[in-house]
Amino acid sequence: MNAIEEAVERIASATRVLILTGAGVSAESGVPTFRGGGTSTAWRGMPFEQLSSAEMVKRDLPLVWEWFDYRRSVVAGCEPNAGHKAIADAQISGRFQEFTLVTQNIDGLHRAAGSIDPIELHGNIHQARCLSCGHLASLSEIPNDERPPVCPECFDSMRPHVVLFFEGLNEDDLLAAYEKAARCEVCIVVGTSAVVYPANMIPQIAKREGATVVEVNPEETELSPLVDVSLRGTAGEVLPRLLGA
Ligand code: BV8
């Protein structure tokens, strides 16, 4: 039995499945990854880890909005690919008693593909959050030239509703992801270099609690030595075969 047949068999007999995705699941939709090709994304000469940092929000909120408006403009032209759709279809099929999608991505493409209530660990690029009262607003309802956006509730400035480097994640989301990882029978890790903490703990928790861990990635990653089945391929090619009914 080859690797994908083994993975398909384990998934077919599972009732509780968790999928963790990273930037690679959106690569075939045209969204650039962060660390692809060994170099980190840079913009205006600054690496993205510096642009997407808590410190930059304090130092230069208008620049942070320029950076995320640029990122949204890139995502605006992107559609979900066969990988996103295979994940959404597997959830909607009802084949699994528990189906949890946890994503590190902020591009919103899982929701666009039809996934229901994904756990967006790093937030969502299409929303703004008030710096003072935490009010959330969809950026589609805010004029593009209102930067930083003004909170309609308390009139303070708003920031992108994403988790930046050196910021804590939403505790409820992280705990939910950890709990589901501890319960799942199969954990499928798609398109992530698995270098970003604490998202990279999810497959480790699943493995520790006895789950089968399946990796889908064209390249070897830090996680590869840990997984049970490593599928060298892209999300758009592999996921329809892995998750198809
Ligand atoms: C926190 C939103 C507590 C913003 C993001 C030193 C050691 C360990 C940890 C740390 C450290 N120093 C600092 C830390 C903590 C830090 C961290 O982990 N840093 C890393 C870089 C070492 N983490 C944090 O800061 C987190 N918060 O820990 O809070 C705390 C508090 C105070 C002080 C300290 C700690 C917050 C992390 C969240 C950051 N926000 N995104 C934005 O997007 O701008 S993370 C960012 O990276 C994206 O969300 C991205 O998704 C994520 C992870 O990257 P990947 O998704 O894996 O993407 P990548 O490009 O790396 O890989 C793509 C993969 O796809 C590749 O493997 C490629 O082969 C594959 N691929 C390519 N094409 C395809 C494909 N796969 C399938 N199909 C294809 N077609």
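1. A polar contact is a pair of N or O atoms within 3.5 Å. That cut-off is needed for the ligand contacts described next. The model is predicted, and the distances below are computed from it.

2. Which atom of G191 comes within reach of the ligand? A polar backbone atom of G191 lies 3.3 Å from an oxygen atom of the ligand, so the pair falls within the 3.5 Å limit and counts as a polar contact. Two side chains also take part. An N or O atom in the side chain of S52 is 2.5 Å from a ligand oxygen, and a polar side-chain atom of H122 is 2.9 Å from an oxygen atom of the ligand. On its own the ligand would expose 1500 Å², and 77% of that area is buried by the protein.

3. The shell around the ligand holds 35 residues. F34, R35, S52, T192 and S193 are the closest of them. S52 is thus one of the closest residues as well as a polar contact through its side chain. By class, the shell is made up of 16 nonpolar, 14 polar and five charged residues.

4. F34, one of the closest residues to the ligand, also belongs to an aromatic pair. The model has seven aromatic pairs. In one of them F34 meets F48, with 4.2 Å between the ring centres and 40° between the planes, a tilted arrangement. The two residues are 14 apart in the chain and the pair links distant parts of it: F34 sits in the loop between β1 (16-21) and β2 (42-43), while F48 is in helix α2 (residues 48-51).

5. The second largest pocket contains about 200 Å³ of space. Its lining has 16 residues, and E120, G123, H161, N170 and D173 are those nearest the pocket centre. Of the lining residues, four are nonpolar, seven polar and five charged.

6. Which strands supply at least two residues each to the lining of the second largest pocket? Strands β6 (123-130) and β8 (158-162) do so. The largest share is from β6, which gives four residues.

7. Some backbone geometry deserves a check against the general pattern. Most peptide bonds are trans, and most residues other than glycine have a negative phi. The bond from R147 to P148 is cis, with omega near -5°; P148 is in the loop between β7 (136-138) and β8. Another cis peptide bond joins Y197 to P198, where omega is about 0°. P198 is placed in the loop between β9 (186-190) and α8 (202-208).

8. Is phi of R44 positive or negative? R44 is not a glycine, yet its phi is positive, near 50°. R44 lies in the loop between β2 and β3 (46-47).

Methods:
Residues numbered from 1 in each chain as written. Predicted model: local features only at pLDDT ≥ 70, side-chain atom pairs only at ≥ 80, totals over all residues. Heavy atoms only, no water. Near = heavy atom within 4 Å. Polar contact = N/O pair within 3.5 Å; in protein donor to acceptor, adjacent residues only side chain to side chain. Areas by Shrake-Rupley, 256 points an atom, 1.4 Å probe, with all protein chains shown as cover. Nonpolar A, V, L, I, M, F, W, Y, C, P; charged D, E, K, R; others polar. 1 Å grid on protein atoms, 1.4 Å probe; cavity = no way out; pocket = protein on both sides within 12 Å on 5 of 7 lines; lining within 4 Å. Points joined across faces, edges and corners; volume = space filled by probe spheres on them. Phe/Tyr/Trp six-rings, centres within 6.5 Å; stacked < 30°, edge-to-face > 60°.
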